[in-house]
Amino acid sequence: MRYVDINSLENLDELQERLDLCKNWNCVKEELSNLSQKTCWYCEHYITGSGYAEIDHWRPKCEGQYPWLEFTLRNYIYSCKACNNTKSTHFPLVDEAKKASCEIELSNEEPLLLNPCNIDDIRSICYDASGRLYATKVEMSEKVKITKQILKLDTTARLSEKQRAFNQLNEKLKYIKDFQKIQMLTDILIEQINKLITYDEGNEFVWSFCMYIESWLKDYEDDFTEIPIREKIKFPQDFCEVYLGVA
Ligand SMILES: [Zn+2]
């Protein structure tokens, strides 16, 4: 999962107007895909071909759920087919009795599903060495557990590609630790890692990698007394601002 700031769309109001007029979420798909470099906001998989790109309604639009949010841009999640299909109409709440029936009641709800557009949600999660999502705050563990079940994020088929990517990253991190006294080698490895967390390279899993590298840095920071590693890791600006809270 990655963070997406929907407010960063310069023409947000204009897009909402377009949506109100055409009543078809495909008319804003391109703008939403550009916010995440064409990766799924839930699983970060790169979405190839427009046929695989879908819009998930975070609060489901079906009857009995939130049909009045069908054409609300802020309820949209740019999603791959797999995430959209498995999520389907699931939207559990801590207290179903508080389910909102209109806009003003939304703030009373406590959803048990992570939202990629919610800063607090993203600041409460991280990834382990095998690319599995976990909660960094105890009070978030139930929400993370349920999100993983709903989106089937940890099933073998969905995780295998991510695990392969994480294995490659781990190999580089392990070498950095093993050869930390050889500055030239460390610099080469850090350069390779920096390429993996650059949007320009069309990479998937940039946010998952960044979260994992950050936790790795915290764990091993004490060992890096001779060669400062942190200063050389070039986290993307949005990750620094949102996750690390550094401007
Ligand atoms: Zn996905």
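Visitor: In this predicted model, does Gln-37 count as buried, partly exposed or exposed, and what is the count of its C-beta neighbours inside 10 Å?
Guide: Gln-37 is found in the loop between helix H2 (29–34) and strand E1 (53–57), and it has a positive phi of about 50 degrees although it is not a glycine. A residue is buried if 20 or more other C-beta atoms lie within 10 Å of its own, and exposed if 12 or fewer do. Gln-37 has 16 such neighbours, and therefore counts as partly exposed.

Visitor: Phe-205 also has a positive phi in a residue other than glycine; is Phe-205 buried or exposed?
Guide: Phe-205 lies in the loop between H7 and H8, and its phi is near 60 degrees. Because there are 24 C-beta neighbours inside 10 Å, Phe-205 counts as buried.

Visitor: Which helix gives the most residues to the largest nonpolar core?
Guide: This core has 46 residues, of which Cys-40, Tyr-42, Cys-43, Cys-83, Phe-209 and Cys-210 touch the most other members. Several elements each supply at least two residues, among them strand E2 (76–80), helix H3 (81–87), helix H6 (156–178) and helix H8 (206–220). With seven residues, the one that gives the most is H8.

Visitor: Where does this core lie with respect to the domains?
Guide: The domain assignment gives domain 1 (6–151) and domain 2 (156–242). Because both of them give residues to this core, it lies between domain 1 and domain 2.

Visitor: Leaving aside neighbours within four places in sequence, which residues is Cys-83 in contact with?
Guide: Cys-83 is one of the core residues that touch the most other members, as are Cys-40, Tyr-42 and Cys-43. Once the neighbours within four places in sequence are left aside, the contacts of Cys-83 are Cys-40, Tyr-42, Cys-43, Asp-56 and Leu-151.

Visitor: Are H6 and H7 roughly parallel or roughly antiparallel to each other?
Guide: The contact is made by residues including Leu-169 and Ile-176 of H6 together with Leu-189 and Ile-193 of H7, and H6 passes H7 in a left-handed crossing. Their axes are 9 Å apart, and the two helices pack at an angle of about 155 degrees. Angles over 145 degrees count as roughly antiparallel, and H6 and H7 are therefore roughly antiparallel.

Visitor: How many residues of domain 2 are in contact with domain 1?
Guide: The centres of the two domains, taken over C-alpha atoms, are separated by 27 Å. On the side of domain 1 that touches domain 2, helix H4 (119–122) and E3 each supply at least two residues. Domain 1 takes part with 14 residues, and the number from domain 2 is 16.

Terms used:
Residues are numbered from 1 along each chain as its sequence is written. This is a predicted model: local features need pLDDT of at least 70, side-chain atom pairs count only at pLDDT 80 or more; totals for chains, interfaces and linings use all residues. A nonpolar core is a set of buried Ala, Val, Leu, Ile, Met, Phe, Trp, Tyr and Cys residues joined through C-beta atoms within 7 Å. Helices (H or I, at least four residues) and strands (E, at least two) are DSSP runs, numbered from the N terminus. Domain bounds come from an automatic or database domain assignment. Two residues are in contact if their C-beta atoms, placed from the backbone, lie within 7 Å. Axes are lines fitted to C-alpha atoms, for helices over the stretch in contact, and angles run from 0 to 180 degrees between N-to-C directions. Angles under 35 degrees count as roughly parallel, over 145 as roughly antiparallel, 65 to 115 as roughly perpendicular and the rest as oblique. A crossing is left-handed if the near helix is turned anticlockwise from the far one by less than a right angle, and right-handed if clockwise.
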